[in-house]
Amino acid sequence: MVTLPNYQSLETIPLESGAQVTGLPLWSGSGAALTWTLDLDRLQSLLRPDTRLVAVNFPNNPTGFIPDHDTYRHLAQMCHERGIVLVAGEVYRGIEVDPTSTLPHAADLSPTAVSVNLLSKSYGLPGLRVGWAATQDTALLASLERLKHYTNIRNPDITQHLAAAALRISDRIHDRNRAIVAGNIALVAEFCAEFPDLLAFEPPQGGCVSFPRFLGATSAAAHRWVERSAGLRPLKQDAGQHRGRCLTRRRAAASPKSLRARLDRLVPGPALAG
Ligand SMILES: Cc1ncc(COP(=O)(O)O)c(C=O)c1O
């Protein structure tokens, strides 16, 4: 089971490996009243007797949503009790708008949950190509290690050295990146507020991705408008009722100047009002 909308690989990797995938909508309500939520009753109703894995990522890409601590703990417990592995992408952890909303690591919440993280998002170090998985399930960890050795045995020393240095000052790095994202969220909010009939923007609670909704009519002009921008792209996968009406924002951690320049290129023409 994967959340909807999702970071595409969470859905395509299990599909490619022959699994069946169920989507758990992360929203309730619709239109201007739509809110992001993690509804465990809904999750429970969608679980099948043979569901083996639930994949989530919070702060969520693409919505920027973070569930509250109790709901998250309950999710981990529910999965464990049912023999389902919870895989939690924690790649935007550390740059929550409100640091008190930072969730515990899933791997600390249950003996079977797996936390997956890397340095390319909240650490802003994509060039290092360093990531990791953590779980209390040592058998699973050994199996992950064997799989990993097929792709490479060992990262270069320089990469490991830089990664360790970054982890030692993680708070400083996260503070810096949180400030950059906060400034850019303000720019996007300001831009969207100029076009209230066309764009609904809910600032992300964490991470550097958000999900402004396009409220205009779906049209070729609207599609071209989205594609013209380097920083926004139309959501290609099926996101239920959102299909064709959503934008995901990439690279909100870009410099304010380049983000502003990209937003300026996006000023919608009259054709979009449809
Ligand atoms: C939730 C999530 N997980 C994993 C990744 C993969 O990161 P990378 O491209 O650095 O491997 C991304 C990239 O956007 C992501 O958003």
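Which residues surround the ligand? Keep that in mind as we look at this predicted model. The answer is Y7, N57, N61, G89, V91, L118, S120 and P126. What is the character of that shell? It divides into 4 nonpolar residues, 4 polar ones and no charged ones.

Now the chain as a whole. The protein chain has 274 residues, and 30% of them are buried. Its secondary structure comes to 9 helices and 12 strands. Next, the contacts. Take those in the protein chain with a separation of 6 or more: 67% of them join residues that sit 24 or more positions apart.

On to the interior. The largest nonpolar core holds 26 residues. Which of them touch the most other members? They are A76, L86, A88, A106 and A113. Four elements give two or more residues to this core: strand β5 (53-57), helix α3 (69-81), strand β6 (85-89) and helix α4 (106-109). Of these, α3 provides the largest share, with 4 residues.

Let's pick one residue, L86. What does L86 touch, once we leave out residues up to four places away in sequence? The list is V54, L75, A76, C79, A106, S110 and A113.

There is another core as well, lying apart from the largest one. This other core has 10 residues, including Y92, I185, C208 and V209.

Back to where we started. Please find the ligand on the screen, then look for N57, N61 and G89, which are among the residues around it. Then turn to L86 and trace its contacts, A76 and A106 among them. That's my tour.

Methods:
Residues numbered from 1 in each chain as written. Predicted model: local features only at pLDDT ≥ 70, side-chain atom pairs only at ≥ 80, totals over all residues. Near = placed C-beta within 6 Å. Nonpolar A, V, L, I, M, F, W, Y, C, P; charged D, E, K, R; others polar. Buried ≥ 20, exposed ≤ 12 C-beta atoms within 10 Å, placed from the backbone. Contact = placed C-beta atoms within 7 Å. Core = buried A, V, L, I, M, F, W, Y, C linked by C-beta atoms within 7 Å.
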